[in-house]
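Me: Hi! I'm new to reading protein structures, could you walk me through one?

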Amino acid sequence: MKKAFFLIFSCGLVLVGCTGTKESVATQTQVEALDKLVLEEAFMIESEWANPLNNYSISSFANSGLLPPGSTAGNINLIGNPNYLIKHGDSIAMFLPYFGEQQVATNYVDGDSTIKYYGVPEEIKIVKKEKKQTYQIQFKAKTNRDTYDVFVTLYPNLSSTITVNSAFRTTISYRGRVSKLSDKNKKAIIAK
């Protein structure tokens, strides 16, 4: 009886010990590195994956065999494709490939459906979420073609997510990495 109780008690401890949260704990060094990037207002995000809303158009595109290797309709590999979101001071530069549906007829006459923006965005908010040590950045970017509501989350391990809501197109998200803005990339944003 005593052995049976011990065995049941031990199994219960093992099961309880195996259940936990999936949240990873950031090191102080990681938190400080991210704080520095955001406070200096000079960082660049390069996305590795695009995550469009999976709809009929995206599924048809995926079935055509035109997606990069390792991609699916809802998870498109961007490695090797130029893309960025740069923050330098008050300015933002965005160049993101777009996969999705256009909702309203607009002036994408030249066939370039890339999400592009260069300038000082409206209504920018940068908030640090202390519990998870993440930064959430929100801004509105207006161009002559579209209006974008952009939501960026930066994590202590220097990974990032970008979600772009468009006035004329379906929502798309991106996953990538954030890094310090190099002098070369600073010149590129200033030139725009």
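The chat below goes through the core, the strands, a few side chains and two loops of this predicted model.

Me: Let's start inside. Which residues of the largest nonpolar core touch the most other members?
Reply: They are Met94, Ile115, Val150, Leu154, Ile162, Val164 and Tyr174, out of 30 residues in that core.

Me: And which elements give two or more residues to this core?
Reply: There is one helix in the list, α2 (28–40). The strands are β1 (42–52), β4 (91–96), β5 (115–119), β7 (134–142), β8 (147–154), β9 (159–166) and β10 (172–180).

Me: What lies apart from it?
Reply: Another core, made of six residues. Ala42, Met44, Ile86 and Ala93 are among them.

Me: OK, strands now. How many bridges join β1 to β10?
Reply: Nine, and the two strands run antiparallel. As an example of who faces whom, Ile45 stands opposite Val178 in β10.

Me: How about β9 and β10, do they run parallel or antiparallel?
Reply: Antiparallel, with six bridges joining them. A hairpin of five residues takes the chain from β9 to β10.

Me: Which residue in β10 does Thr161 stand opposite?
Reply: That would be Arg175.

Me: Tell me about Arg175, then. Which residues is Arg175 in contact with, beyond its neighbours in sequence?
Reply: Leaving aside those within four places in sequence, Arg175 is in contact with Ser47, Glu48, Trp49, Asn51, Asn75, Ser160 and Thr161. With one of these, Asn75, there is a polar contact between the two side chains, at 2.5 Å.

Me: Trp49 is in that list. How many residues apart along the chain are Arg175 and Trp49?
Reply: They are 126 residues apart along the chain, yet their C-alpha atoms are separated by 5.2 Å.

Me: Why does Arg175 count as partly exposed?
Reply: Because its relative accessibility is 35%, and the partly exposed range runs between 20% and 50%.

Me: And Ser47, from the same contact list: where is Ser47 found?
Reply: Ser47 is in strand β1. At 5% relative accessibility, Ser47 counts as buried, since the cut-off for that is under 20%.

Me: What does Ser47 touch?
Reply: Not counting residues up to four places away in sequence, Ser47 touches Leu78, Asn83, Leu96, Ile162, Tyr174, Arg175 and Gly176.

Me: New topic: rings! How many aromatic pairs does the structure hold?
Reply: One. The rings belong to Tyr84 and Phe95, with centres 5.9 Å apart.

Me: Why is the pair stacked?
Reply: The two ring planes are at 25°, and planes under 30 degrees apart count as stacked.

Me: Where do Tyr84 and Phe95 sit in the chain?
Reply: Tyr84 is in strand β3 (residues 84–88) and Phe95 is in strand β4, 11 residues apart. Phe95 is partly exposed, with a relative accessible area of 22%.

Me: Which residue lies over the face of Tyr98?
Reply: Arg169 does, at 4.5 Å from the ring centre.

Me: Last topic, the backbone. What sign does phi have in most residues?
Reply: Most residues other than glycine have a negative phi. Gln133, though, has a positive phi of about 60° without being a glycine, and its place is in the loop between β6 (122–129) and β7. Leu158 has a positive phi too, near 70°.

Me: Where does Leu158 lie?
Reply: Leu158 lies in the loop between β8 and β9. Leu158 is partly exposed, with a relative accessible area of 24%.

Technical notes: Residues numbered from 1 in each chain as written. Predicted model: local features only at pLDDT ≥ 70, side-chain atom pairs only at ≥ 80, totals over all residues. Heavy atoms only, no water. Core = buried A, V, L, I, M, F, W, Y, C linked by side-chain atoms within 4.5 Å. Buried < 20%, exposed > 50% of the residue type's maximum accessible area, 1.4 Å probe, protein only. Helix = DSSP H or I, 4+ residues; strand = E, 2+ residues; numbered from the N terminus. Phe/Tyr/Trp six-rings, centres within 6.5 Å; stacked < 30°, edge-to-face > 60°. Lys NZ or Arg CZ within 6 Å of the ring centre and 35° of its normal. Contact = heavy atoms within 4.5 Å. Polar contact = N/O pair within 3.5 Å; in protein donor to acceptor, adjacent residues only side chain to side chain. Pairing = 2+ DSSP bridges.
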